[in-house]
Structure formats: structure tokens, C-alpha cells
Amino acid sequence: MDLSYKSKGRKVSVAACHPATERAVIAEVSHELRLPIANLKLLIETLLESAGRDEEMRQHFLLKAQAEIERLQRLVVSLLQEQHAEHLGVELERQWNCLESKVKVALEIIKPAVEQKSLQVEFQIEPGWQIYANSQQLDQVLLNLLENAVKFTDHAGLIRINSGAGTGCFSVSDNGIGMAEPEIPKIFNRFYRIDRAQSRGSTGLGLSIVKHIIDLHGAKISVFSQEGKGSEFHLEFPGPSF
Ligand code: ADP
């Protein structure tokens, strides 16, 4: 597979995945795509056969089909984001970024979901707090963590973003459903979801993208979580010397 791409008009070669890794990724992706496609097929068959004649049933099955299509859409978007993060990593341009402005941009994006769940969002960021990182990738990290905080926090919950104690640090926390201790190391694996049945529209790709970006930057991420109490993601980005 040709993994080269164009950047600023130049062709850049990306180190090709080992064929076995590539095959494993393709197998994982196909597996994830298979379920929503099978569900859609079943829903449409049912609509064509019988449910289509009863207006209430028709509505019910169409809404289910819509949810499956949205799931497929999220999956494809996340896969593209993951691939984009890998490509950006080839020539990682880093700069100082104002954390407060970045957080404000991300909050604007998640605003409809925050309002829908009546969540409270607080941020305490030291004035002028800077993070040395690739600007686009920092946006992606903040967005993925905040989207999760929204997704896994129930109505009227609280989300916090704080600048940390040391240079390059910040945290995103919520008082949502939390996680059991043994699950924490697994959440960064591609497609991993703690409770698939209760996955709240999760694809299991967001944190694997975050981890990939963290690794590219030589940064660190730690998770503190308690079931029923909430979660905190703590990040530490190194300065220009990395
Ligand atoms: P997605 O992008 O689809 O949300 P992630 O890779 O970001 O998937 O997350 C993987 C899993 O980790 C989620 O399905 C969820 O079980 C768990 N998780 C992530 N963030 C949180 C959080 N803030 N609170 C509780 N569980 C979380």
C-alpha cells in the first residue's frame, strides 16, 4: 500500500506499516464496520417486509437505521482523524499555544451537546498558560477528551479544565460515570469500549488518537477514575527541548 501523501506540494513518504500490522488494522476496522452494516440490512429488510405498513413501527425502525448510519459516520470520521494524526506526525511542527484560547475553541464545538445535557463547564487556567505542541493536534486532543467528558457524564454534571502545577500541564475532568481500575490501561486501545451495550455512541477511537498524538510529542497522559464518581485525564507536554 502506498502510504505517501502530498504536503505543501511535495510528496512525503510515510514509513509503511509492517504488513502484519496493516492486516491486523484492516481486520479490526472491517470487524467494527460489519455490525452496523448488518444491523442496517436487517432494519431495511424488516421495513420492506412488514414494519413498513404500520406508521409507528416504520418510524421506530427508521430511527434505529438513522442511529446506525450516524455510528458508521462517526467511525469513518474517527478513522480519517487517526490517519491524519499519523501523517502530521511525519513533520511535526510545534509551537507555543495559548491553552485558554484552545479550550474556548473546543468548548464552542461541544456547546450544543453541553447544553442538551445541561452540563456545567468550568475552567481555571493560569493567564497566559502555554502548551508547546502542534496546534491542530492539540485541538484534537482537547476535543476528544472534552467530547468523552460530555458523553460519559449524566445530565447536569460538571466538567472542569485546569492548567496543572507544572509547565506544559493541564487536566480535563468530569463527575460522570467513571471507570473501574482494571479498565483504565485498556481504554487507549483502538476500538476499546468499556460497555459496548452502553457505549453512548462511542467508537473507541478517540483515546487511541489522543495516545498517538501524546506519543508523537513525547508527552505523558495519566488517568484517575472511580466508578460512579468521575474521571480525570492529566496531560504533560514537554517544552521545545524534546
Ligand atoms: P470514543 O472516541 O468513541 O468515545 P474513546 O477511545 O475515546 O472512544 O474511549 C474508549 C472508552 O473509554 C469509552 O468507550 C469509555 O468506555 C471509556 N471512557 C473514555 N473517556 C471516559 C470518561 N471521561 N468517563 C468514563 N469513561 C470514559
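Where does S118 lie? I began with this residue and found S118 in the loop between α3 and β4. The model I consulted is a predicted one.

**Entry 1: S118**

I looked up the backbone of S118 and noted a phi near 50°, a positive value in a residue other than glycine. Most residues other than glycine have a negative phi. I then checked accessibility: S118 counts as partly exposed because its relative accessibility is 42%, and the partly exposed class runs between 20% and 50%.

**Entry 2: Overall content**

I recorded 5 helices and 9 strands in the protein. Reading from the N terminus, I wrote the order of elements as β-β-α-α-β-α-β-β-α-β-β-α-β-β. Of the 242 residues in the protein, 40% are buried. I also looked up the contacts with a separation of 6 or more, and 71% of them are between residues 24 or more positions apart.

**Entry 3: Helix α3**

I checked the length of α3, which covers residues 99–116. At 1.5 Å a residue, its 18 residues should span 26 Å, and the end C-alpha atoms are 25 Å apart, so the two values agree. I next looked for a bend and found one of about 60° at I110. A proline, P112, follows within four residues of I110.

Which residues of α3 are buried? I listed L99, K102, V103, A106, L107, I110 and V114; the bend residue I110 is thus in both of my notes on this helix. I then asked what covers these buried residues, and the elements include the strands β3 (95–98), β4 (120–124) and β5 (130–133). The cover also includes α4 (135–151), β6 (158–163) and β7 (169–174).

**Entry 4: Helix α4**

I repeated the length check on α4. Its 17 residues should span 24 Å at 1.5 Å a residue, and its end C-alpha atoms are 24 Å apart, which agrees. At the N-terminal end I found N134 as the cap of α4. A side-chain oxygen of N134 lies 3.2 Å from the backbone nitrogen of Q136.

How many of the 17 residues of α4 are buried? I noted 12, and the helix is mostly covered. Among the buried residues are Q137, L138, Q140, V141 and N144. N148 also belongs to the buried residues of α4, and I return to N148 in the ligand entry.

**Entry 5: G157 and the strands β4, β6 and β7**

I located G157 in the loop between α4 and β6. Is G157 buried or exposed? I recorded G157 as buried, because its relative accessible area is 8% and the limit for buried is under 20%. Leaving aside residues up to four places away in sequence, I found that G157 touches S118, L119, Q120 and N175. The contact with S118 leads back to the residue of my first entry. I also looked up K117, which is 40 residues from G157 along the chain; the C-alpha atoms of G157 and K117 are separated by 8.2 Å.

I then followed the strand pairing. β4 and β6 pair in the parallel sense over 5 bridges, and E122 has R160 in β6 as its bridge partner. On β7, I found that 5 bridges join it to β6 and that these two strands run antiparallel. In this pair S163 stands opposite F170 of β7. The hairpin of β6 and β7 has 5 residues between the strands, and there G168 takes a positive phi near 75°.

**Entry 6: The ligand surroundings**

Which of the 18 residues around the ligand come nearest? I wrote down N148, K151, S202, T203 and G204. For N148, an N or O atom in the side chain is 2.7 Å from an oxygen atom of the ligand. For G204, I found a backbone N or O atom 2.7 Å from an oxygen atom of the ligand. In the side chain of D174, an N or O atom is 3.0 Å from a nitrogen atom of the ligand.

**Entry 7: The loop between β7 and α5**

I closed with two residues in the loop between β7 and α5. F191 has its place there, with a phi near 70°, a positive value in a residue other than glycine. F191 counts as buried, at 3% relative accessibility. E183 lies in the loop between β7 and α5 (206–217), and E183 is buried with a relative accessible area of 18%. Apart from residues up to four places away in sequence, E183 touches Y192 and I194.

Terms used
Residues numbered from 1 in each chain as written. Predicted model: local features only at pLDDT ≥ 70, side-chain atom pairs only at ≥ 80, totals over all residues. Heavy atoms only, no water. Expected span 1.5 Å × (residues − 1). Bend = angle between axes of the 7 residues up to and from the residue. Buried < 20%, exposed > 50% of the residue type's maximum accessible area, 1.4 Å probe, protein only. Contact = heavy atoms within 4.5 Å. Pairing = 2+ DSSP bridges. Near = heavy atom within 4 Å. Polar contact = N/O pair within 3.5 Å; in protein donor to acceptor, adjacent residues only side chain to side chain.
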